[in-house]
Amino acid sequence: MGAGDAHLRVTTDARAVTHALGHNWSCHVCGKTRPDPKILVVSRTVMSGPIEIKHNLRYCGDSPGCANDAQAWAAHPDPQNWHDGL
Ligand SMILES: [Zn+2]
């Protein structure tokens with residue numbers, strides 16, 4: 001189980017580096033990969049017991065459907081929803 005955790009961390013870090021370089025981003029709403037200028041981010045904070053956890057959601061800034069879903073996600077914090085893939 002510990003080795004699996006380490007692998008997950010490495011994968012996440014590599015993905016973060018790719019994003020920092022301005023490459024393509026995947027939209028959390030529709031799942032498409034878009035160029036950086038087309039992707040926007042919304043954030044929300046949820047409580048996990050006494051701990052605040054900040055979640056970021058990426059979405060297509062030029063897609064009304066994705067933007068609507070992203071705003072709904074930000075307005076209704078629900079740790080049971082949108083958990084996977086964030
Ligand atoms: Zn999208």
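The following paragraphs describe the fold, the core and the packing of the second helix in a predicted model.

The chain contains two helices and four strands. Read along the sequence, these elements follow the order α-β-β-β-β-α. Of the 86 residues in the chain, 13% are buried. Contacts between residues at least 6 apart in sequence were also examined. Among these, 44% join residues at least 24 apart.

Strands β3 and β4 run antiparallel and are joined by ten bridges. Together they form a hairpin, with two residues between the strands. Gly-49 lies in the turn and has a positive phi of about 65 degrees. Within the pair, Thr-45 of the hairpin stands opposite Lys-54 in β4. Strand β3 spans residues 39-48 and is hardly covered. Of its ten residues, one is buried. In a regular strand, side chains alternate between the two faces of the sheet.

The largest nonpolar core has ten residues. Its members are Trp-25, Cys-27, Val-29, Ile-39, Leu-57, Tyr-59, Cys-60, Cys-66, Ala-70 and Trp-73. Two elements, β4 (51-60) and α2 (64-75), each supply at least two residues of this core.

Cys-27, one of the core residues, is placed in a loop. This loop connects β1 (25-26) and β2 (33-34). Cys-27 counts as buried because it has 21 C-beta neighbours inside 10 Å, and the cut-off for burial is 20 or more. Residues up to four places away in sequence aside, Cys-27 touches Lys-32, Arg-34, Ile-39, Arg-58, Tyr-59, Cys-60 and Cys-66. Several of these partners also belong to the core, including Ile-39, Tyr-59, Cys-60 and Cys-66. Cys-27 and Cys-66 are 39 residues apart along the chain. Their C-alpha atoms are separated by 8.2 Å.

Helix α2 has twelve residues. From its first C-alpha to its last it reaches 16 Å, close to the 16 Å expected at 1.5 Å a residue. Its buried residues are Cys-66, Ala-70 and Trp-73. Seen down the axis of α2, these buried residues fall within an arc of 60 degrees, so they line one face of the helix. An α-helix has 3.6 residues a turn, so residues three or four places apart point the same way. The buried residues of α2 pack against β3 and β4. Cys-66, Ala-70 and Trp-73 are also members of the largest nonpolar core.

The other side of α2 is exposed at Pro-64, Gly-65, Asn-68, Ala-72 and Ala-75. Ala-75 illustrates this side of the helix. Ala-75 counts as exposed because 9 other C-beta atoms lie within 10 Å, and the cut-off for exposure is 12 or fewer. Ala-75 and Ser-43 are 32 residues apart in sequence. Their C-alpha atoms are 9.7 Å apart in space.

Key
Residues numbered from 1 in each chain as written. Predicted model: local features only at pLDDT ≥ 70, side-chain atom pairs only at ≥ 80, totals over all residues. Core = buried A, V, L, I, M, F, W, Y, C linked by C-beta atoms within 7 Å. Pairing = 2+ DSSP bridges. Contact = placed C-beta atoms within 7 Å. Expected span 1.5 Å × (residues − 1). Arc of directions from axis to C-beta.
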